[in-house]
Amino acid sequence: MTAPAKPSSPSLVRIATPADRAECWRLFRQGHEENGLFTLAPEKVDYLLYRCLFGPAIPPTDPGPRGAIGVIGPPGALEALALITIGEYWYSNDKHLEEMLVYVDPRHRKTRHARALITWMKSQAEVTGIPLVTGIISQHRTQAKCALYARMLPKVGEFFLYVGKSSAAPPTHH
C-alpha cells in the first residue's frame, strides 16, 4: 500500500539556497524530461545552478552569468521552481531578466504554484528595474500554459521550431 500524498505547501516563493541544490536538480531533470527540446548537458546545468545558488561567492569582476532561483517548498522537498538570469540580446547592451525554466512537480499542479512563480519573476523585474523576458517552449499542455501566461503578462511574440530534414529531430513529449 502506498502512503497518502503529502499535501502541497502554500504557494509562497523563496530564494533557493545551496541546501536546495539536489532538489533543484531533480526538478530540472523532470522539466527536461517533459519539455526538453535538446539533449541535456549536465555540466552546463551544474555551472548555471552553481552561479545561481552561490552568487555571493562570485567575484564582482567575473563576467559570467548571474541569476536567482525562486522555489516553493521546504529544503529536501521542493514542489516548484523558476530560474532567471540577467541577459542581453545580441543587438543591445540593455539588460533583461531571462527566464530559463518555470516548472511545477506534477504532484503539485493543482495548486497556485505556477501563478506564484510568474508573480515572483515579475516582482524581480520590479525590484531590479530590469525587464522580464519569459515564454513557453513546451510540447506538453502548451495551450494551457500559454493561456496562463497571457492572463498574467503582455504577449510580445511566439516561438517556432524547425529541425530540417537532415538534422536529428528533438524528442517529442506528450
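**Sheet and helices in a predicted model**

Trainee: At about what angle does helix α2 run to β2?

Mentor: In this predicted model, helix α2 comprises residues 42-53 and lies across the strands β2 (67-72), β3 and β4. Taken against β2, the direction of α2 is at about 85°.

Trainee: Which strands are the edge strands of the sheet?

Mentor: The sheet is open and has five strands, with mixed pairing and the order β1-β2-β3-β4-β5. An edge strand here is one that pairs on one side only, and this holds for β1 (14-15) and β5 (132-133).

Trainee: Is the angle between α1 and α2 roughly parallel, roughly antiparallel, roughly perpendicular or oblique?

Mentor: Helix α1 (residues 21-35) packs against α2 with the two axes 11 Å apart and an angle of about 135° between them. Angles of 65 to 115 degrees count as roughly perpendicular and those over 145 as roughly antiparallel, and about 135° falls in neither class. The relation of α1 to α2 is therefore oblique.

Trainee: How many nonpolar, polar and charged residues make the contact of α1 with α2?

Mentor: The crossing of these two helices, α1 and α2, is right-handed. On the α1 side the contact is made by Arg21, Cys24, Trp25 and Phe28, and on the α2 side by Pro42, Val45, Asp46, Leu49 and Leu53. Sorted by class, the contact residues of α1 and α2 are seven nonpolar, no polar and two charged.

Trainee: How many bridges pair β3 with β4, and how many residues lie between them in the hairpin?

Mentor: Strand β3 spans residues 80-88 and strand β4 spans residues 95-104, and the two pair in the antiparallel sense. Within that pairing Leu83 stands opposite Leu101 in β4, while Glu88 stands opposite Lys95 in β4. The pairing of β3 with β4 runs over nine bridges, and the residues between them in the hairpin number six.

Trainee: Which residue in β5 is the bridge partner of Leu97?

Mentor: The strands β4 and β5 run parallel and are joined by two bridges. For Leu97, the bridge partner in β5 is Leu132.

Trainee: Is the β-α-β unit made by β4, α3 and β5 left-handed or right-handed?

Mentor: Helix α3 (residues 113-128) lies across β1, β2, β3, β4 and β5, and its direction is at about 165° to β4. Together with the parallel strands β4 and β5, this helix makes a β-α-β unit that is right-handed.

Terms used
Residues are numbered from 1 along each chain as its sequence is written. This is a predicted model: local features need pLDDT of at least 70, side-chain atom pairs count only at pLDDT 80 or more; totals for chains, interfaces and linings use all residues. Side-chain values use heavy atoms; hydrogens and water are left out. Two strands pair if DSSP finds at least two bridges between them. Helices (H or I, at least four residues) and strands (E, at least two) are DSSP runs, numbered from the N terminus. Contact means heavy atoms within 4.5 Å. Axes are lines fitted to C-alpha atoms, for helices over the stretch in contact, and angles run from 0 to 180 degrees between N-to-C directions. Angles under 35 degrees count as roughly parallel, over 145 as roughly antiparallel, 65 to 115 as roughly perpendicular and the rest as oblique. A crossing is left-handed if the near helix is turned anticlockwise from the far one by less than a right angle, and right-handed if clockwise. Ala, Val, Leu, Ile, Met, Phe, Trp, Tyr, Cys and Pro count as nonpolar, Asp, Glu, Lys and Arg as charged, and the others, Gly among them, as polar. A crossover is right-handed if, with the strands pointing away from the viewer, the path from the first strand over the helix to the second runs clockwise.
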